[in-house]
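Subject: A structure to look through

Hello,

I am handing over a structure for you to look at, and below it I have set out what was found in it. Please keep the sequence and the 3D view open while you read.

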Amino acid sequence: MKSFINVEDLGPLDKAMAEAFEIKNDRFKYQHLGKNKTLMMIFFNNSLRTRLSTQKAAMNLGMNVIVLDVNAGAWKLETERGVIMDGDKSEHLLEAIPVMGCYCDMIGVRSFAGLTDREYDYAETVLQQFIKYSGRPVFAMETATVHPLQAFADLITIEEHKVVERPKVVLTWAPHCRALPQAVPNSFAQWMNAAPDVDLVITHPEGYELDPKFVGNARVEYDQKKAFEGADFIYAKNWSNPGVTNPADYGKITCNDMSWTVDTEHMSWTNNGKFMHCLPVRRNLIVTDDVIESPNSLVIPEAANREISCSVVIKRMLENL
Ligand code: CP
């Protein structure tokens, strides 16, 4: 596996899931694979879970790890060609990337959407430059449009906690005070669509339609109560307007309806549903204290499974070096 961006990159999902549970049972089974190999993690944006779980996964596999926070200690990087670099950016990404590639065997990249230019974001311009110029296998640690390590961990968590063969899984928009990217809901939808035994429903205010390539065959229900009825899992997430129905709205907050906040009444509509969120979460905007602290909340097991999803991805890349 030379790059990890989409669910298809893993090949058959049942095999990847089996590998995940194998690694969860014995986290150090493949420790020999990473001997004398180095992972470089590049962060253009903040992180808690991705930073810690990816480093832990790499260490479980015997790797050395280098972490670079581009905006804290490195030269500021220009990402556009043709720019006269007379501002505060001292180095161009097109030199920096191959240099980074000299010092490692594999690269993880976190680079969020700018949310001003939909075409630029959805082309995954920064990630694609790493793939093209680093000379190393590259995996997404949340990029402009996808967060596959999170979605893989979410699928593992659902598999562990489901009580029916084909659970109803509801991805629900919820309000937020800042404009957030669509990477998490995009990947969540993509991975749930790829899973053979998931009944996926997506609910959001009208105008917040996700890109059709991620929605796939999922049912979209604008009535949140109807969507929640009989749900086995509620996956809450805010996203800014994807600009699908109105391109001028891309990256904006066009709804702040607090009736979409997931509270105990919302959860009472479900089939004793489990609550999920990728974290970090702003309480009492996305979800109330009562719901996130309830026994049905899976936010901590989800975060724990980030170590497992990442272990599978790094293992696959090590096997192909
Ligand atoms: N869920 C997730 O990716 O968390 P971080 O942003 O803290 O890495």
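There are 17 salt bridges in the structure, which is a predicted model, and a few of them are worth finding in the viewer. One joins Asp69 to Arg51, whose closest N and O atoms are 2.5 Å apart. This pair connects distant parts of the chain, since Asp69 sits in strand β3 (residues 64-69) and Arg51 in helix α2 (residues 49-60), 18 residues apart. Asp69 has a relative accessible area of 24% and is therefore partly exposed, as the buried class is kept for values under 20%.

A second salt bridge brings together the side chains of Asp88 and Lys76, at 3.0 Å from N to O. Asp88 belongs to the loop between β4 (77-78) and β5 (91-92), while Lys76 belongs to the loop between β3 and β4, so the pair ties together parts that are twelve residues apart in sequence. Both partners are partly exposed, with a relative accessibility of 49% for Asp88 and 42% for Lys76.

A third salt bridge is formed by Arg283 and Asp289, where the closest N and O atoms are 3.0 Å apart. Here too the two residues are partly exposed, Arg283 with a relative accessible area of 39% and Asp289 with 30%. Salt bridges can also be joined into a network, and one such network links Lys15, Glu19, Lys315, Arg316 and Glu319.

Turning to the chain as a whole, its secondary structure comes to twelve helices and twelve strands. The radius of gyration is 20 Å, close to the 20 Å that the globule rule gives for 321 residues, so the chain is as compact as a globular protein of that length. Along the principal axes, the C-alpha atoms fill a box of roughly 55 × 50 × 35 Å.

Of the 321 residues in the protein chain, 57% are buried. If you consider the contacts with a separation of 6 or more, residues 24 or more positions apart account for 78% of them. The chain exposes about 13,700 Å², and carbon and sulfur atoms supply 50% of that area. As for charge, the chain has 33 positive and 42 negative charges, and the mean positions of the two sets are 5 Å apart.

Finally, some details of the backbone deserve a careful look. Most peptide bonds are trans, and most residues other than glycine have a negative phi. Against that background, the peptide bond from Leu279 to Pro280 is cis, with omega near 0°, and Pro280 is found in the loop between β12 (274-276) and α11 (289-292).

Which residues other than glycine have a positive phi? Asn36 is one of them, with a phi of about 65°, and its place is in the loop between α1 (13-25) and β2 (38-43). Glu124 is another, with phi near 50°, and this residue lies in the loop between α4 (118-122) and α5 (125-133). Are these residues buried or exposed? Asn36, at 60% relative accessibility, counts as exposed because the value is over 50%, whereas Glu124, at 6%, counts as buried because the value is under 20%.

With best wishes

Technical notes:
Residues are numbered from 1 along each chain as its sequence is written. This is a predicted model: local features need pLDDT of at least 70, side-chain atom pairs count only at pLDDT 80 or more; totals for chains, interfaces and linings use all residues. Side-chain values use heavy atoms; hydrogens and water are left out. A salt bridge is a side-chain nitrogen of Lys or Arg within 4 Å of a carboxyl oxygen of Asp or Glu. Helices (H or I, at least four residues) and strands (E, at least two) are DSSP runs, numbered from the N terminus. Buried means under 20% relative accessible area, exposed over 50%, partly exposed in between (1.4 Å probe, protein chains only). The radius of gyration is taken over C-alpha atoms; the globule rule is 2.2 Å times the number of residues to the power 0.38. Contact means heavy atoms within 4.5 Å. Accessible areas come from the Shrake-Rupley method with a 1.4 Å probe; for residues, only the protein chains shown count as cover. Lys and Arg count as positive and Asp and Glu as negative; His and the chain ends are not counted. The place of a charge is taken as NZ of Lys, CZ of Arg, CG of Asp or CD of Glu.
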